[in-house]
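Here are my notes on this one, in the order I went through it. Have the viewer open while you read.

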Amino acid sequence: MNIVLLSGGSGQRLWPLSNDIRSKQFIKIFHTADGELESMVQRVYRQIRTIDKDATVTIATSKSQVSAIHNQLGEDVGISVEPCRRDTFPAIALAAAYLKDVKGISEDEPVVVCPVDPYVEIDYFDALKDLGAQAASSNANLVLMGIEPTYPSEKYGYIIPDTPAPVSTVSMFKEKPTKEIAEQYISQGALWNGGVFAFRLGYVLDRAHALIDFENYEDLFSKYETLDKISFDYAVVEHEDRIEVMRFSGMWKDLGTWNTLTEAMDSHNVGEALFNETCRNVHVVNELNLPVLCMGLKDIVVSASPDGILVSDKEQSSYIKPFVNTLNHRVMFAEKSWGSFRILDIEKESLTIKVTLNPGHQMNYHSHDFRNEVWNVISGTGRAVIDGVVYNVHAGDTLQMNAGSKHTIFADTELQIIEVQFGKDINVHDKHKYDLPSLF
């Protein structure tokens with residue numbers, strides 16, 4: 001199975017756990033069978049591998065999410081990186097060119113495209129395999145998944161099939177309706193449009209070449225910033241007559257708000273929280289090293305992270321976005337390909353950060369023009385490189401790098417460091433990367 005997972009968007013609706021770097025799919029709130037926590041993207045990736053261990057999985061995403069994807073899924077997952085946001089048609093066109101020119105996928109092979117963050121069970125991925133098989137054998141150019149609606153939703157578009165058969169041609173598409181109109185659609189046998197579809201790779205490449213002047217993946221990547229922002233629905237689906245829809249009646253949820261997310265949580269709290277006996281339908285997600293005590297609350301979500309604290313009625317939590325838009329706050333936590341960092345303190349001319357490096361990983365070899373740095377190793381062992389000299393490090397060691405000094409650190413075990421930055425101009429753009437000499 002060739003599957004493209006669309007991983008876009010920023011994290012406003014699940015603030016304060018999500019932000020411009022960490023979107024909702026990277027928040028770890030689900031318990032695995034062994035009691036560990038996993039995120040939506042980890043859950044979906046694990047489920048795909050359960051159904052098809054040899055599946056070619058490609059994640060279409062922005063540059064800001066690449067580090068988090070590598071952190072959570074490892075280095076082997078395919079990533080089609082969008083240089084900037086250009087909506088779903090350019091993203092899918094770029095991913096299609098990536099599959100052909102980088103991964104060597106034949107134009108005759110079927111490709112399934114779906115969002116990276118649905119909350120589903122394993123039968124959904126069985127259905128994705130069937131969707132791909134239908135795209136391979138059908139005369140249709142596009143095969144959509146139509147999800148059996150469980151209520152008249154105003155959040156989704158609708159697909160109205162010609163027949164009630166498991167696979168049908170499509171009569172028409174309807175945009176997001178009012179609740180009353182949604183009820184009318186459902187009475188006509190309409191299905192939710194969950195943004196899941198399949199096609200033969202050559203079909204989308206032909207459509208892309210018809211709308212964009214490019215030669216191959218590298219050429220399309222170089223021109224990406226010049227492309228018009230347009231959705232796949234507007235660019236392709238609305239102009240295609242040969243479309244089928246396959247019904248899916250299994251469990252499917254879009255966990256786009258705190259209200260829907262807490263419905264899928266398998267416990268009332270992630271992180272440290274206490275509830276008295278009068279609490280009802282209260283959920284806490286706490287990433288701080290502080291306890292949260294809830295007393296006498298009903299239908300409330302509490303979310304605490306280094307970026308802020310949310311206390312909200314669950315229904316009202318759906319309307320968070322306009323308030324988050326007014327905030328102008330530095331991202332305080334982020335996952336990187338090598339580990340993670342959490343900002344502890346911000347002063348006028350200093351910044352204090354807790355850095356965690358995963359075993360076997362290292363930062364880029366880099367320097368800064370306008371700031372000095374001090375590393376205080378608080379746990380673990382590793383090796384630092386400062387201006388070409390290797391130093392073995394362990395808990396209690398302190399290293400200093402002045403502005404202009406090239407430096408990196410490699411973790412032999414999980415390595416935790418308190419990094420203090422000093423300077424009048426501390427910003428993320430003050431960084432030069434270098435190739436690391438062969439020192440170890």
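1. Start with the six-stranded sheet in this predicted model. It is an open sheet, and reading across it the order is E20-E21-E22-E29-E24-E27, with antiparallel pairing. The edges are E20 (333-336) and E27 (398-401), each of which has a pairing partner on one side only. From one strand to the next, the twist averages 20°.

2. Now walk in from the E20 edge. E20 and E21 run antiparallel and are joined by four bridges. If you want a pair to click on, Lys336 has Gly339 in E21 as its bridge partner. The two strands make a hairpin, with two residues between them.

3. The next step across is E21 to E22 (residues 350-357), again antiparallel, this time over eight bridges. Here Ser340 is bridged to Thr356 in E22. This is also a hairpin, and two residues sit between E21 and E22. One thing to keep in mind when you look at which way the side chains point: in a regular strand they alternate between the two faces of the sheet.

4. At the other end of the sheet, which strand does E27 pair with? That would be E24 (residues 372-379), and the two are antiparallel over four bridges. Glu373 is the residue standing opposite Met401 in E27.

5. What lies across E20 and E21? Helix H2 (residues 66-73) does, with E21 spanning 339-347, and the helix runs at about 65° to E20.

6. On annotation: UniProt, in an unreviewed entry, puts the feature "domain: Mannose-6-phosphate isomerase type II C-terminal" at residues 335-430. In the model, that stretch comes out as 0% helix and 61% strand. The C-alpha atoms at its two ends are 19 Å apart.

7. There is another open sheet to look at, with four strands in the order E14-E16-E18-E19 and mixed pairing. Its edge strands are E14 (269-270) and E19 (308-313), each pairing on one side only. For a parallel pair in this sheet, take E16 (residues 280-286) and E18 (residues 298-305), which are linked over six bridges. Val282 has Ile300 in E18 as its bridge partner.

8. Moving on to helix packing, which residues of H6 (201-211) are buried? They are Leu201, Gly202, Tyr203, Val204, Leu205 and Ala208. The cover over them includes two helices you can pick out by range, H3 (88-101) and H8 (232-235). Strands contribute as well, including E6 (110-115), E8 (142-147) and E11 (191-200).

9. The H3/H6 contact deserves its own point. The helices pack at an angle of about 125°, and their axes are 9 Å apart. Is that parallel or oblique? H3 counts as oblique to H6 because the angle falls outside the ranges for roughly parallel, roughly perpendicular and roughly antiparallel, the last of which starts over 145 degrees. The crossing is left-handed. From H3, the residues involved are Phe89, Ile92, Ala93, Ala96, Ala97, Leu99 and Lys100. They meet Leu201, Val204, Leu205, Arg207, Ala208 and Leu211 in H6. Leu201, Val204, Leu205 and Ala208 also appear among the buried residues of H6.

10. Two isoleucines are worth a look, starting with Ile21. It is found in the loop between E1 (2-7) and E2 (28-31). Why does Ile21 count as partly exposed? Its relative accessible area is 28%, and the partly exposed class lies between the 20% and 50% cut-offs. Setting aside neighbours within four places in sequence, Ile21 is in contact with Ser64, Gln65, Val331 and Ala334. Its C-alpha is 18 Å from that of Ile320, with the two positions 299 residues apart along the chain counted as their separation.

11. The other is Ile122, in helix H4 (residues 122-137). Ile122 is also partly exposed, because its relative accessibility is 34%. Beyond neighbours within four places in sequence, Ile122 is in contact with Gln47, Thr50 and Ile51. Phe26 is 96 residues apart from Ile122 along the chain, and their C-alpha atoms are separated by 20 Å.

Methods
Residues numbered from 1 in each chain as written. Predicted model: local features only at pLDDT ≥ 70, side-chain atom pairs only at ≥ 80, totals over all residues. Heavy atoms only, no water. Pairing = 2+ DSSP bridges. Axes fitted to C-alpha atoms, helices over the stretch in contact; angles between N-to-C directions. Contact = heavy atoms within 4.5 Å. Buried < 20%, exposed > 50% of the residue type's maximum accessible area, 1.4 Å probe, protein only. UniProt positions renumbered as here; feature names shortened; annotations may be inferred. Parallel < 35°, antiparallel > 145°, perpendicular 65-115°, else oblique. Left-handed = near helix turned anticlockwise from the far one by under 90°.
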